[in-house]
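Open your viewer and show the backbone as a cartoon. Keep the selection box ready.

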Amino acid sequence: MKKVFFITSIFFALILLPFSTRAEPDGEAMPVKILLVPGHDNEIWGAQYGKIKEADMNLRLAQELFKILRNENRFETYITRDNLGYTTVFADYFASAMDEVIAFKNKAKKETAEKIDSGELVPKEGAPHNNAAAEMALKLYAFNKWAGENNIDAVVHIHFNDYPRPSKWLIGKYRGFVIYVPEAQMQNAKASITLGESIFVELKKKYITSTYPWEKGGLVPDQELIALGGNGTLPASVRSVLIEYGYIYRFGNTAFRHGAYKDMAARTATGIKNYFFLK
Ligand SMILES: [Zn+2]
């Protein structure tokens, strides 16, 4: 039965193939599949300034972006979290596929170590990041595995930035946004970098790029972030960018912060649309 379905699927796929080009937005184009990942979660919330938690900010901005993309037929948009926690698709995936995710992670790490040993992959040191806690790292691997299995075209990771400060109540010295993209040797680098540049152009019209020396220029390649497909865990067809929209302590003012969610989401959406449809 499965085999019949498979063959039938191939048959229809071949028939539909000539119409599935994304370069013709007026034709019967397949929707572009986007996965939004608001960084961190309610258990491990990332940065904090006073009472403002990064995970909440990431979610608010991601929800604004989700609203914009959802209203476009050209996109099929997924989000990993909502106000209640992980969305059903991902809560189910964590519950049912975690053993496979662990195997996926171990295999990817082993293959990467072998590539480094053989000289096929040259390790590049990137900006310092806090290591994702083991549980969160596993969730990031799960998102990558799921994105590959579901033919996602682009994964957008949404974060607000921080660096080690003496107290979570103190304003720090750095400011500005940065977009992390896969390092050139990674299989999804080329397409991801172009997507990153397209979003960068829109954000740069209004916001300064990061003043943190490691993030100079505002578009920074990174080989180690799992979110970007570290250890070869995203195929070439799955673009991934990780946006740090600004340093968290710059968003203490409530009205400013809420305005920023909307404005930054709108600019990100424009960058994504321009990349996929402005050929
Ligand atoms: Zn973060």
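Here is a short tour of one strand, its partners and two loop residues.

First, some ground rules. Residues are numbered from 1 along each chain as its sequence is written. This is a predicted model, where local features need pLDDT of at least 70 and side-chain atom pairs count only at pLDDT 80 or more, while totals for chains, interfaces and linings use all residues.

**Stop 1: strand 1**

Select residues 32-38, which form strand 1. Strands here are DSSP runs of E with at least two residues, and helices are runs of H or I with at least four; both are numbered from the N terminus. In strand 1, 6 of the 7 residues are buried. Buried means 20 or more other C-beta atoms within 10 Å of the residue's own; exposed means 12 or fewer, and partly exposed lies in between, with C-beta atoms placed from the backbone.

**Stop 2: the partners**

Add residues 75-79, strand 4. Strand 4 runs parallel to strand 1, joined by 5 bridges. Two strands pair if DSSP finds at least two bridges between them. Click K33: its bridge partner in strand 4 is E76.

Now add residues 154-161, strand 7. Strand 7 also pairs with strand 1 in the parallel sense, over 5 bridges. Find L35, which stands opposite V155 in strand 7.

**Stop 3: two loop residues**

Select H40, in the loop between strand 1 and strand 2 (48-49). H40 is not a glycine, yet its phi is positive, about 65°. Is H40 buried or exposed? H40 counts as buried because 25 C-beta neighbours lie inside 10 Å.

Jump to N151, in the loop between helix 4 (134-149) and strand 7. N151 is not a glycine either, and has a positive phi of about 50°. N151 is exposed, because 11 other C-beta atoms lie within 10 Å.
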